[in-house]
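This report walks through a two-chain structure, from overall make-up to single residues. Please keep the sequence and the model in view while reading.

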Amino acid sequence: MSTPLSLRSVLSLASSAGLLATPSALAATSALALQTSSIAAAEPMQTKALHAQPELIAPQSGLIAGQPNTIAITFVMKDKWHLYWPGQNETGMPPEGKLTATIDGQSAEGLEFGEWKWPTPYRHVLPGDILDYVYYQRLTIPLTVSPPESAAGKSLTIEADLRWLVCDEACVLEHSAIKLTLPVVSSSQADSLKPGPNKRHIDEALLKVPKPISKLVEGRSDKPPSIKLEGDTVVIQVPGAKQLAFLPLAEGVRVSNALKAGEVESDTIRIELDRSDDPDKANLRGVLQVLWGPHTVVQSYEIDASNEQMTAGKFGPPTPQAPSSAQPGKPG
Amino acid sequence: MKARIRLMAGLMTFTAIALAGSLAMPSAALADPAKDGMKQTEKGMKKDKTDKKADKGMTAKIGEQAPAFTLTSTDGKEYKLSDLKGKIVVLEWFNPECPAIVQHHKAATTFNDLNKDFKDKDVVFMAINSGAKGKQGNGKELNTKLAKEYGIEYPILLDESGAIGKAYGAKTTPHCFIIDKDGNLVYNGAIDNGSFGKNGDKNYVRDALNQVTKGETVTTAETKPYGCSVKYAS
């Protein structure tokens, strides 16, 4: 139920940084589960208290027309309950849903939402060697919304129809429809917008969203991080790193290996691939966490490596796509 | 218990590193090499044990004999896998309160339909609940009540120690296993290609049963199950 990373000297630091500590979800609440299990039946709106309460939030008092604005879906969980990451979990399901928008009550066609940017989660090991990657307490998923120029001076209402599985020892499927209405201003009036109290939640979440792997490679030409394939094992070395962890986004990583060696106190991590379906193919997609030392904050990078890169021994050029390519509605 | 072992192993590693790495450490700290040696061995043994288990991954392997079991059902009857030689056995890992079980037993009748369609073809369905005492979905009365509500006509076997669940490597509810007439495991995975709250359009268990009842090899023998975690005790 605990992780090597959270047990050592980094404990207090990691906890305060909110990055690595893995609170254990204990306390059987079968009475509570009984009471709430009926929520699983499809009802249009929740009336009972939710175990994870969602909200649409914005960093400031309005949106700017004609450009992407960061907003977020945030869930506040009851103590000891958790939500799931959309990577390779053995159980559970990440939150999913659909966003729609209206401008002054009219359907806002052509308005675009960006992808959901998932912060790096925590390893969550359950009895029976079950390994999941989850969030505790608060999960904030930033995304962008781009109101058209024509929306300036009007008000934009964003609606999110969400459903999610939330678990402590018990699991409950919940859903809710939430709304956020904000005024839209033209870019020339952007200075009139005031930062709001939710800005810090969005900023904190953005810090935990994995960066492209190119950010790890940059500036380390003397001791570059390397990736290579040795048989069925991908070996990643990050010279100078104190601890490494790998969190798989795509299938193809042996879970027994992820459980045992998914987190190491070393500058080298070995990830065993399951290539039973195609012995010639090697792909590795996931999040690499790097801790440089006891007084540093854990950094996360997204890896999407192919055979060729592993054969060449180095991480490829920056991927054109945004850091987190996990999409809502497509649990891994 | 496991957490404690890891904590101990962690502390020992830390101690070992501290001892090996620090020249400033007074020699008294190395006082009892015999004891240290023992600790080292103990740590090594524990590590080996963990590694072996992890390396093995799922104990139940496709094409091999399915782990034997003798379990008691909610109605007090004893069921032995070895008594079912000559039958095709479908095991469904079960927790009547897990939303994914509710999805296939209340919102839909996925398992009951399969049971109906295959019971005349030498196929026996059994649900196994490996949830520990006090955890979600545990208890004879609760399972009896909800199995009746869901119209389940096959036995619900109780495995509170979790030993059988772990022998099969059952991780989720539902998690399905199919055993052929010779007692070999021929399918391990999800009920279908759906997800939480959405039933799939391809039922893997039905496809596998269609093949195994004709004596054919199961094409898709392993899939990734979805559902709640099995609520093991430890």
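How many helices and strands does the secondary structure of chain A come to? Chain A has seven helices and 20 strands. Chain B has seven helices and nine strands. The model is predicted.

## Chains at a glance

The table sets out the two chains.

| Chain | Residues | Buried residues | Share of contacts (separation of 6 or more) made by residues 24 or more positions apart |
|---|---|---|---|
| Chain A | 332 residues | 46% | 73% |
| Chain B | 234 residues | 38% | 76% |

## The nonpolar core

The largest nonpolar core holds 130 residues. Which of them touch the most other members? They are A:L83, B:I178 and B:V205. Strand β11 of chain A, residues 155-167, gives this core its largest share, with eight residues.

A:L83 has a broad set of partners beyond its neighbours within four places in sequence. Its contacts there include A:A52, A:F75 and A:M77. A:P95, A:V134, A:Y135 and A:L139 are also in contact with A:L83. So are A:W164 and A:V166.

## Strand β5 of chain A and its partners

Strand β5 of chain A spans residues 96-103. It pairs with β11(A) in the antiparallel sense, over eight bridges. In this pairing, A:E96 stands opposite A:R163.

β5(A) also pairs with strand β6 of chain A, residues 106-107. Two bridges join them, and the strands run antiparallel. Here A:I103 stands opposite A:Q106. β5(A) and β6(A) form a hairpin, with two residues between them. In the turn, A:D104 has a positive phi of about 45°.

## Two open sheets in chain A

What is the strand order in the open sheet of five strands? The order is β13-β20-β19-β16-β17 of chain A, and the pairing is mixed. β13 (211-212) and β17 (263-264) of chain A stand at the edges. Each has a single partner strand, so one side of each is left without a neighbour in the sheet. Within the sheet, strand β19 (residues 283-291) of chain A pairs with β20(A) over eight bridges, in the antiparallel sense. A:N283 stands opposite A:S306 of β20(A).

Another open sheet has three strands, in the order β14-β15-β18 of chain A. Its pairing is antiparallel. The edge strands are β14 (226-230) and β18 (268-272) of chain A, each pairing on one side only. On average, neighbouring strands of this sheet are turned by 20° against each other, direction ignored. Strand β15 of chain A, residues 233-237, is joined to β18(A) by five bridges. A:T233 has A:E272 as its bridge partner in β18(A).

## Helix α4 of chain A

Helix α4 of chain A covers residues 199-208. Which of its residues are buried? They are A:I202, A:A205 and A:K208. These residues cover an arc of only 125° around the axis, which puts them on the same side of α4(A). The spacing fits a general rule. An α-helix has 3.6 residues a turn, so residues three or four places apart point the same way.

What covers the buried residues of α4(A)? The cover includes strands β1 (52-57) and β3 (69-77) of chain A. It also includes β10 (138-146) and β20 (299-306) of chain A. Strand β20(A) thus turns up in two places: it covers α4(A), and it belongs to the five-strand sheet.

## Backbone details in loops

Where is B:P174 found? It lies in the loop between β6 (172-173) and β7 (176-179) of chain B. A cis peptide bond joins B:T173 to B:P174, with omega about -5°.

Two residues other than glycine have a positive phi near 65°. One is A:Q137, the other B:D122. A:Q137 lies in the loop between β9 (130-136) and β10 of chain A. B:D122 is found in the loop between α4 (110-118) and β4 (123-129) of chain B.

Are these residues buried, exposed or partly exposed? A:Q137 counts as partly exposed because it has 15 C-beta neighbours inside 10 Å. B:D122 also counts as partly exposed, with 14 C-beta neighbours inside 10 Å.

Definitions and conventions. Residues are numbered from 1 along each chain as its sequence is written. Chains are lettered from A and ligands numbered from 1 in the order in which they are written. This is a predicted model: local features need pLDDT of at least 70, side-chain atom pairs count only at pLDDT 80 or more; totals for chains, interfaces and linings use all residues. Two strands pair if DSSP finds at least two bridges between them. Helices (H or I, at least four residues) and strands (E, at least two) are DSSP runs, numbered from the N terminus. Axes are lines fitted to C-alpha atoms, for helices over the stretch in contact, and angles run from 0 to 180 degrees between N-to-C directions. A residue is buried if 20 or more other C-beta atoms lie within 10 Å of its own, exposed if 12 or fewer, and partly exposed in between; C-beta atoms are placed from the backbone. Two residues are in contact if their C-beta atoms, placed from the backbone, lie within 7 Å. A nonpolar core is a set of buried Ala, Val, Leu, Ile, Met, Phe, Trp, Tyr and Cys residues joined through C-beta atoms within 7 Å. The arc is that of the directions from the helix axis to the C-beta atoms.
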